[in-house]
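Please read the points below with the model open beside you, and look up each place as it is mentioned.

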Amino acid sequence: MTYWLGLPALAATHGAQIDSLIGWTHVFMLVLFVGWGGFFAYALVRFRRSRNPVANYTGVKSHASNYSEIAVAVVEAILLFGFSIPIWAARVDHIPPESDALVVQVTGEQFAWNVHYAGPDRVFGRTDIKLIDLQSNPLGLDRSDPAAKDDITTVNQLYLPVNKPIIVKLRSKDVIHSFNVPEFRVKQDAVPGFTIPIWFIPDITTADMRTRTGNPEFQYEIACAQLCGLGHYRMRGFVTVQSAEEFQKWMEEQSQAQAESDPFR
Ligand SMILES: [Cu+2]
């Protein structure tokens, strides 16, 4: 029902709820806009100076405005407590168990998204700030740690399997960034010093989206949604959603290739 809002295509399971909330909020705001705008126009005419040369010291006696204010507050309370808070709680409180999900760490920095997968062993290798090299090892991954051997890191490339819960553990190396993938209806600040989990289930692969949109170059884009410095405009990453088999293959290939290129092996 929300096509009239012109929102980006939807590609995550929880997104319909968010779109519906956005839709209802717009409907309510439209009613308020017309209501208050109409009242303003009425007041301009009704209380014009030529008709009311002298101020009225008694003022309005009717309680209509109180009742309409109460009605507005009730509708707002319904939107907040009936819709927004339950949807928000589902996003932040009911995170699926990590054993059922793909866990990936995404670390923002000026001006890139560093992606870190635990690899086939599902254990994240040790990272150490002393090992950070902005070109070759932006996350400071310690490849001598056995758990790190199969880890995969990428810059600005997030690969995800379709129809599986994804838990992104969001971090930042410097300032506040914001991880925003409009098609997933996901937007969360990355704050230095915190690891913030977000989760979603992408339900349309990049290939399917290309067919649907008729755009053979379609890409899901991670847009940094907080002004984070001079290079903010170019802080963009790409998400590739694949079938489970394609993703598995990608992960194995990457894991092997990155382990082989490792100087400490
Ligand atoms: Cu940023």
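**Notes on the model**

1. The buried residues of helix H4 pack against five strands, namely S1 (102-109), S2 (112-117), S3 (152-155), S4 (157-161) and S10. Please keep in mind throughout that this is a predicted model.

2. Helix H4 itself runs over residues 244-260, which makes 17 residues, and it reaches 24 Å from its first C-alpha to its last, close to the 24 Å expected at 1.5 Å a residue. The buried residues in H4 are Phe 247, Trp 250, Met 251, Ser 255, Gln 258 and Ala 259. Because they cover an arc of only 145° around the axis, they are on the same side of H4. On the other side of H4, by contrast, Glu 245, Lys 249 and Gln 256 are exposed. In general, an α-helix has 3.6 residues a turn, so residues three or four places apart point the same way.

3. Which protein atoms are the donors of the copper ion? They are ND1 of His 177 together with SG of Cys 224, SG of Cys 228 and SD of Met 235, and these lie 2.1 to 2.4 Å from the ion. The arrangement counts as tetrahedral because the 4 donor atoms around the copper ion subtend angles of 93 to 122°, and four donors are given that name if all angles lie between 85 and 135 degrees.

4. Along the chain, the donors of the copper ion follow the spacing H-x46-C-x3-C-x6-M. Within this set, His 177 and Cys 228 link distant parts of the chain, since they are 51 residues apart, with His 177 in strand S6 (residues 177-181) and Cys 228 in the loop between strand S9 (220-224) and strand S10 (236-242). His 177 is buried, its relative accessible area being 0%, and Cys 228 is also buried, with a value of 7%.

5. Some backbone details in the loops deserve a careful look. The peptide bond from Gln 110 to Phe 111 is cis, with omega near 5°, and Phe 111 lies in the loop between S1 and S2.

6. Two residues other than glycine have a positive phi, and I would check each in its setting. For Asn 156, phi is near 65°; Asn 156 is found in the loop between S3 and S4, and it counts as buried at 17% relative accessibility. For Arg 185, phi is about 55°; Arg 185 lies in the loop between S6 and strand S7 (186-190), and it is buried, with a relative accessible area of 13%.

Technical notes:
Residues numbered from 1 in each chain as written. Predicted model: local features only at pLDDT ≥ 70, side-chain atom pairs only at ≥ 80, totals over all residues. Heavy atoms only, no water. Donors = N, O, S within 2.8 Å, 3.2 Å for Na, K, Ca; no water. Tetrahedral: all angles 85-135°; square planar, octahedral: opposite > 155°, others 65-115°. Helix = DSSP H or I, 4+ residues; strand = E, 2+ residues; numbered from the N terminus. Buried < 20%, exposed > 50% of the residue type's maximum accessible area, 1.4 Å probe, protein only. Expected span 1.5 Å × (residues − 1). Arc of directions from axis to C-beta. Contact = heavy atoms within 4.5 Å.
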